[in-house]
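Me: Please take a close look at the largest nonpolar core of this protein. Which residues and elements build it, and what surrounds it?

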Amino acid sequence: MWDPSQYEHFRDARKRPFFELLARVPVSAPGLVADLGCGTGDLTLSLAERWPAARVSGVDSSESMIAEALRRPVPERVRFELADLARWTPSAPLDVLVSNAALHWLPDHAALLSRLAGQLSPGGVLAFQVPANFEEPSHRRIDEVRALARFAPALASVRRGHAESLAFYEAHLSALGLSVDAWETAYLHVLSGEDAVLQWLLGTTLRPVLAALGVEERQAFLDTLRPLLRQDYPASPHGTPFLFRRRFVVAVRRPAS
């Protein structure tokens with residue numbers, strides 16, 4: 001379903017939130033680190049560079065993404081693994097668990113966060129970032145086209161990404177005994193190229209939608225969506241402005257008293 005080359009099309013814009021998240025992780029020398037939803041693995045390697053003594057695991061549910069990650073030369077202490085993100089379990093408690101733009105694909109964030117928090121060592125950190133753009137014109141237009149009679153039957157079971165509120169994440173993780181730092185950032189990306197917002201969505205949000213459609217229906221879906229996005233996101237001489245909101249959480253498991 002996932003296309004590494006398409007995902008990397010706006011690589012710099014997609015990686016910026018990762019480093020802004022990582023900058024708030026208060027750990028100096030972790031032993032075991034995991035990157036849940038590691039994609040092509042380039043950002044996983046940055047974890048290994050930041051913590052040169054750590055063992056680092058990159059985990060993703062996409063065969064194509066893991067295949068791309070495995071093509072990279074990596075130190076022995078870095079490994080990549082194909083696994084269901086909702087079920088993966090580390091070999092030992094984690095000192096840092098990072099997830100960048102992946103958890104929004106998983107259901108039931110209350111149960112998910114309980115599970116992830118339980119994988120941390122005392123003093124361990126859960127740090128994640130999720131898109132929070134689901135009510136913006138780009139996503140509302142996708143929902144509009146999904147609801148058309150031509151596409152709705154085939155797409156009825158395709159999960160839509162979602163993010164809970166910052167208050168939800170803070171309350172749930174605090175109740176689990178973690179100290180929580182949570183914030184939201186709105187990025188105004190100015191994207192280059194023709195149909196730039198559509199190209200952005202082709203790397204992420206549209207992947208499961210298009211994967212559920214046949215070749216002809218896939219093209220028809222894009223042909224229907226394209227003029228709607230052009231209407232909502234008109235190109236300017238210097239690019240197409242695209243507002244994108246993201247929610248960040250850094251939660252530290254308090255040592256047992």
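Reply: What follows starts with the whole chain, goes on to the core, and ends with a helix pair.

The model is a predicted one. Its secondary structure amounts to eleven helices and seven strands. Along the principal axes, the C-alpha atoms occupy a box of roughly 55 × 40 × 40 Å. The radius of gyration is 19 Å, which agrees with the value near 18 Å for a compact globule of 257 residues. Of these 257 residues, 51% are buried. Among contacts with a separation of 6 or more, 77% join residues 24 or more positions apart.

The largest nonpolar core has 27 residues, and the members that touch the most others are Leu 36, Leu 97, Leu 103, Leu 126, Phe 128 and Leu 173. Two or more residues each come from strands S1 (32-36), S4 (94-100), S5 (120-131) and S7 (240-253), and from helices H5 (109-117) and H8 (166-175).

Leu 97 can serve as an example. Beyond its neighbours within four places in sequence, Leu 97 contacts Ala 34 and Leu 36, then Leu 116, Gln 119 and Leu 120, and also Val 125, Leu 126 and Ala 127.

As for the helix pair, H2 (residues 11-22) and H3 (residues 42-50) have axes that come within 11 Å and cross at roughly 35°. The crossing is right-handed. H2 contributes Arg 11, Lys 15, Phe 18, Phe 19 and Leu 22 to the contact, while H3 contributes Asp 42, Leu 43, Ser 46, Leu 47 and Arg 50. By class, the residues of this contact are five nonpolar, four charged and one polar.

Methods
Residues are numbered from 1 along each chain as its sequence is written. This is a predicted model: local features need pLDDT of at least 70, side-chain atom pairs count only at pLDDT 80 or more; totals for chains, interfaces and linings use all residues. Side-chain values use heavy atoms; hydrogens and water are left out. A nonpolar core is a set of buried Ala, Val, Leu, Ile, Met, Phe, Trp, Tyr and Cys residues joined through side-chain atoms within 4.5 Å. Buried means under 20% relative accessible area, exposed over 50%, partly exposed in between (1.4 Å probe, protein chains only). Helices (H or I, at least four residues) and strands (E, at least two) are DSSP runs, numbered from the N terminus. Contact means heavy atoms within 4.5 Å. Axes are lines fitted to C-alpha atoms, for helices over the stretch in contact, and angles run from 0 to 180 degrees between N-to-C directions. A crossing is left-handed if the near helix is turned anticlockwise from the far one by less than a right angle, and right-handed if clockwise. Ala, Val, Leu, Ile, Met, Phe, Trp, Tyr, Cys and Pro count as nonpolar, Asp, Glu, Lys and Arg as charged, and the others, Gly among them, as polar. The radius of gyration is taken over C-alpha atoms; the globule rule is 2.2 Å times the number of residues to the power 0.38.
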